[in-house]
Structures are given as C-alpha cells and as structure tokens.
Amino acid sequence: MAKMSGGEALVKSLVREGVEVIFGIPGIHMSGIIAALRDEPGVRMVTTRHEAGAAHMADGYARASGKPGVVLTVPGAGLYNAATGIATAYARSSPVLVIAGQIPRGQIGKNLEVYHEVSDQNSTVRPVTKWQQQALRPREIPDAVCEAFRQMRTGRPRPVLLEIPPEAGVEREEVELRNPAKFSRGVPSQEHLREAAHVIAQSHLPLIFAGGGVALSEAEEALTTLAEATNIPVITSAGGKGAIPDRHPLCYGSCLSPAGERPEMNQLYEVMQSADVVIGIGTRFALGNPAGEPCTLVNINIDDTELTKVQSNTLPLHGDAKATIEALLPFLIEAGAGNRPSPAAAVSAARRLIAYHDIGLKEPQYPILDAMRNSIPEDTFIVWDSTKFGYYARTHYQVNHPKTFMDSGYSFNLGFSFPAALGVKVAQPERPVVSVIGDGGFMFNAPELSTAVKYGINTATVVFRDDSYGNVAYDLDEFFAGSYETDLLNPDLVRFAESFGAVGMRADDPMDLATLLPLALDCQAPVIIDVPVGNMPLPRAKLQAHLPTVPWVVPQEGLIEP
C-alpha cells in the first residue's frame, strides 16, 4: 500500500484499467481529480463545452475503440446535463464510466441545499445505468473502479456511475491499488448447445438475425464463419449493421420493414416470416417478433432478460455472442448442418429486388446517400443523427466494415451524432469519420466545434439544413393540416464554422457531397458542410405504413378505460 490522495488513487486505477482519455469539464468539486490527471502522463483529458457533449464523445469513443469510455462531471447540474448522452449509451449498450462529483460527504442526504446538491443524486440516472456506487474515502476508490470496469466488461455492457465527494479527491491515506478483474465469456452448457445444433441442422429454411451484440462481443468474424460453414443466410438489425459485410453473398442486408408495409418494401420481412428456425444473435428483436410464430427461435444473448420474451417457442442460449458461436459451430458440423446447399442465389435475387424498388420509388434520400457512400473510403466511420437521412440509412445504407455505422438506437437522441463522431475520431485518429445531422440537431451541441478545433479532432460533418425541425413539421403537415412553430433561425453555418477556426463548405445541391466530402476528409481541420435540402419528405415506407398507425397520429382505440 502507498499513501496517496483520492484523485491519485482514481487516476492510477483508471490507468491500470487501460484508460487513455477522459471527456469532461473541470469543476471545483473535482479539483483533486483534475490535479491528479494533470500529473499523470498516461491519461489525457478532453475538455468539452457541455456535459452532454462529453457523454456523447465517451459513447462514440467506446464504440469505436472497443474499450470503455470515461466521462467526468460535477455533481447536480453536470450529471443532469450528461444524462442525455448516458441514455443514448444505455440504448446502444455502450460501456461508459460516468465519474460524477458529489457534495461533501457529511452533507449527503441532509437536504441542506448546498452548492450543486441533488437529493439522492444517483437515482437521477439509475434507469439508464447498469450499476451505481459511491466512494467516500480514498481507500474505497480502487475497489469501486475495479468493480465498475467488471460491470462494463461482463454481461450486457452499459453505462455505470461512480460518485466521489470533493474531500475524497484531496484527502490522503493508505491505498491499495487493484489489478483489473479477470472475467470469462459466458458459454451455454454443452447439452443446450447440442440441442440447438440438432434443431438448426434439421431445419429447412434457417436464418440468422444478427444484432448489436455481435459488435459488442467482437464476434463479426465468428458470425461470418458460422454463416459460411452452415450456408445459413444473415439479416442484420439496424444496430447490427456491419456485423457481416453487406456485400457478402450470404447477407440479405438490414432492410427489414414491419408487417403491413407495401409488398415491395417488405422483402426481408417475408424472408423472416418463412424461416422455420431463426438464430438470433445479440439482438433485442426490436420490431417485436418479425419471425413467424410457428418457427423456432434459437436466441443467443448475454442478457438473460432478453432470452425468452419474444416468443414461447424459444431455445435460449445464455452466453457471449463470440464465445457461443465458436462453441456451437462444432456441434452444428457434427449434426450435419454443414451439408446445406448455398442460398446465395436466393439472397442475390432478394437484394436485386430491394435495390430495384429503392431506385424505382425515387426516394430522394437514395441517390444522395449513394453518392455519399461512393465518395468516401469504405472504412469510414459514419455517425447518424435522428434525421430523415438517418432513418433511411438504418435500412438502406450499405456497410461493409465492422462498427462503422453508428446511431442513437431506440433513444433517437437529437444532436447525438456530432459530438459522438468527435469521440470516434479520438479513438481512431487515422480513420476518416463523418457525422450526418440535421440543422436542428446540430445546434444542440454545435459549441463542441470549439473542442474539435482545440484538440485537432478533424471530422467532416454534413448538416442537412431545412431551417426547421423537419420531421415534426412534415408529420404536422401530413396528418394535422399544418405545422406550427417548427421553423428555425440558423446562423450562416459556413461563417459559424469559420468563427471557431474550422472549415466551412456549402453545397449548392445535395449531390455536391460527392465532391465536397472527399475534400472535407482531406482537410487538416474540422469541417462543416452546409447542405440546403428544403422540405424533404419522409421515406415513403415510413410515411405510408408506419406513421398512420402510431399513437401520436391516430388515437388508439381501447387504451382509455371507461
């Protein structure tokens, strides 16, 4: 043991866990921690302009690096500000350690209305964190850090919260540092694996449905091996995009539409409905149950709460995606699943039909996103905000490299993509990074341009500008006979970017992105590309099939009890 301050104990513990970057804002409650960070060469701090930006950056960093991201906030308002980013990380199962200050430990829980006090502070983010802990003295910090990282590295990864009062950061006492906790990847029993292998081998039309858990487990290569060894084709969820290359001959893609949509927009839904066995890997089945009710669901998931909630006819395989795939494959080969004829021709035909209707329907997003995709390197990380382009990209944007497609998941957090892309670039400084966002969302976290310029975080940000909250305006126009107070007053985005020392570009036409994006990625500076788009309609599938049935458009009969 050695005598050290709580700040030093925290920073040294983080270094032992492999932390290299912390995102956040220095505050007086955190002075002992900030001083320790200043004196530790192994960790650097990226100071942001708002805690929401810091949390989104930590999320982007975690997804791109495969390591937990770390965000530092002052108590009270600082933690509240970060909550939107924490919620987004929770929605995408992203491992983020939130280190929040506290009021002095003798005043906690006494409601004395002291500086930054929030009664029962950790309850404010409990619904969007996996684990919460207070470390009230320096000697408690190493154990708390070790457990925080164990929580993020085992089971389903999600944000965790560690609270430290100000005096714990500066007091000195004997502290014993901890080595990182050892953990193993969970694997189902051989009995369960053999049973699942038998069911899969006996199936006539099996299908793999791969979700975001594949990337979290680093299981992309194992998934491709599984598909090729058994000739079982793959559909990915929006969160699973990139789990297998879209161009792979056994990959249908992720253009999966809910039941009831127009037949030409529903090809993959019909594929799911016709399967007699669906192998779910690391997915929540967010569309409810897109598989046909008669089919058997072999559900591989590290989160045991997700295993049997989709349908009753389920074989649950509780385990890590990568380890479970690798353990299951020998049983599949033994059961004869490797003798199946290749479905590549059927997969190719379905993909051609989907592409034909993409072009034939003349969706305005299609040629623009296609031009973007063809103008940037294939390994570009592209981070999507909640925009009409982001919605369309979830099903139609082609992804051929793991982890390069990112969005806010079911959080649908407006403004997420710009700061998250900065975190991605910090994690992968040699890789191109693009953010795609609307003007409404961009202004949520636009001050992080200052952070980007200060630290040389050179991303390209495409701002599709319609001078309104366009999705809401379109819904009101379409279903409520006119929009109301959805218009926005924006700065000149080119001059705005230049005022921070960034580069501003403006497109005359959205198709100009084919030329502007390569120029932006070549710049040695952050770049904002202003792309006027006018009143662009929603993707037709969403407009004609989904919106007329949602509860914010049509009253839901039977929900109000007499």
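Here are some exercises with worked solutions on this predicted model.

**Exercise 1. Work out the strand order of the sheet that contains E3 and E6, and find its edge strands.**

Solution. Start with the order: the 6 strands run E3-E2-E4-E5-E7-E6 in an open sheet, and the pairing is parallel. Next, look for strands that pair on one side only: these are strand E3 (44–47) and strand E6 (131–134). From one strand to the next, the twist averages 20°.

Now zoom in on one pair. Strand E2 (residues 21–24) and strand E4 (residues 69–73) run parallel and are joined by 2 bridges. Within this pairing, Phe23 has Val71 of E4 as its bridge partner.

Finally, add a helix to the picture. Helix H5 (residues 141–153) lies across strand E5 (96–101), E6 and strand E7 (160–164). Its direction makes an angle of about 170° with E7.

**Exercise 2. Do the same for the sheet that contains E11 and E14, and explain what sets its edge strands apart.**

Solution. Reading across this open sheet of 6 strands gives E11-E10-E9-E12-E13-E14, with parallel pairing. Strand E11 (251–253) and strand E14 (314–318) each have a single partner strand, so one side of each lacks a neighbour in the sheet. Ignoring direction, neighbouring strands here are turned by 20° against each other on average.

At the E14 end, strand E13 (residues 296–301) pairs with E14 in the parallel sense over 5 bridges. One contact to look up is Leu297, whose bridge partner in E14 is Thr314. Helix H11 (residues 321–334) lies across strand E12 (277–281), E13 and E14, and runs at about 125° to E13.

**Exercise 3. Decide whether the residues of strand E9 are buried or exposed, and find the partners of E9.**

Solution. Begin with cover: in strand E9 (residues 206–210), 5 of the 5 residues are buried. Then sort them by direction. Pro206, Ile208 and Ala210 point one way, Leu207 and Phe209 point the other way, and all are buried.

For the partners, take each in turn. E9 pairs with E12 in the parallel sense over 5 bridges, and Ala210 has Ile281 of E12 as its bridge partner. E9 also pairs in the parallel sense with strand E10 (residues 234–236), over 3 bridges. In that pairing, Phe209 stands opposite Ile235.

**Exercise 4. Locate the positive phi values at Gly18, Phe412 and Glu485, and describe their settings.**

Solution. Gly18 follows H1 and has a positive phi near 90°. Helix H1 (residues 6–16) itself has several buried residues, including Ala9, Leu10 and Val11.

Phe412 is not a glycine, yet its phi is positive, near 50°. You will find Phe412 in the loop between strand E16 (405–406) and helix H15 (417–427). With a relative accessible area of 39%, Phe412 is partly exposed, because that class covers values between the 20% and 50% limits.

Glu485 is another residue other than glycine with a positive phi, about 55°. The loop between H18 and helix H19 (493–500) holds Glu485. Its relative accessible area is 59%, so Glu485 is exposed.

**Exercise 5. Identify which residues make the nonpolar surface patch of about 280 Å², and check whether Val472 is accessible enough to belong.**

Solution. The patch is made by Phe444, Tyr469 and Val472. Place Val472 next: it sits in helix H18 (residues 470–479). Then check accessibility. Val472 is partly exposed at 45% relative accessible area, and patch residues need over 30%, so Val472 passes that cut-off.

Definitions and conventions. Residues numbered from 1 in each chain as written. Predicted model: local features only at pLDDT ≥ 70, side-chain atom pairs only at ≥ 80, totals over all residues. Heavy atoms only, no water. Patch = residues over 30% accessible without salt bridge, like charges linked within 9 Å, V, L, I, M, F, W, Y side chains within 5 Å. Areas by Shrake-Rupley, 256 points an atom, 1.4 Å probe, with all protein chains shown as cover. Salt bridge = Lys/Arg side-chain N within 4 Å of Asp/Glu carboxyl O. Helix = DSSP H or I, 4+ residues; strand = E, 2+ residues; numbered from the N terminus. Buried < 20%, exposed > 50% of the residue type's maximum accessible area, 1.4 Å probe, protein only. Pairing = 2+ DSSP bridges. Axes fitted to C-alpha atoms, helices over the stretch in contact; angles between N-to-C directions. Contact = heavy atoms within 4.5 Å.
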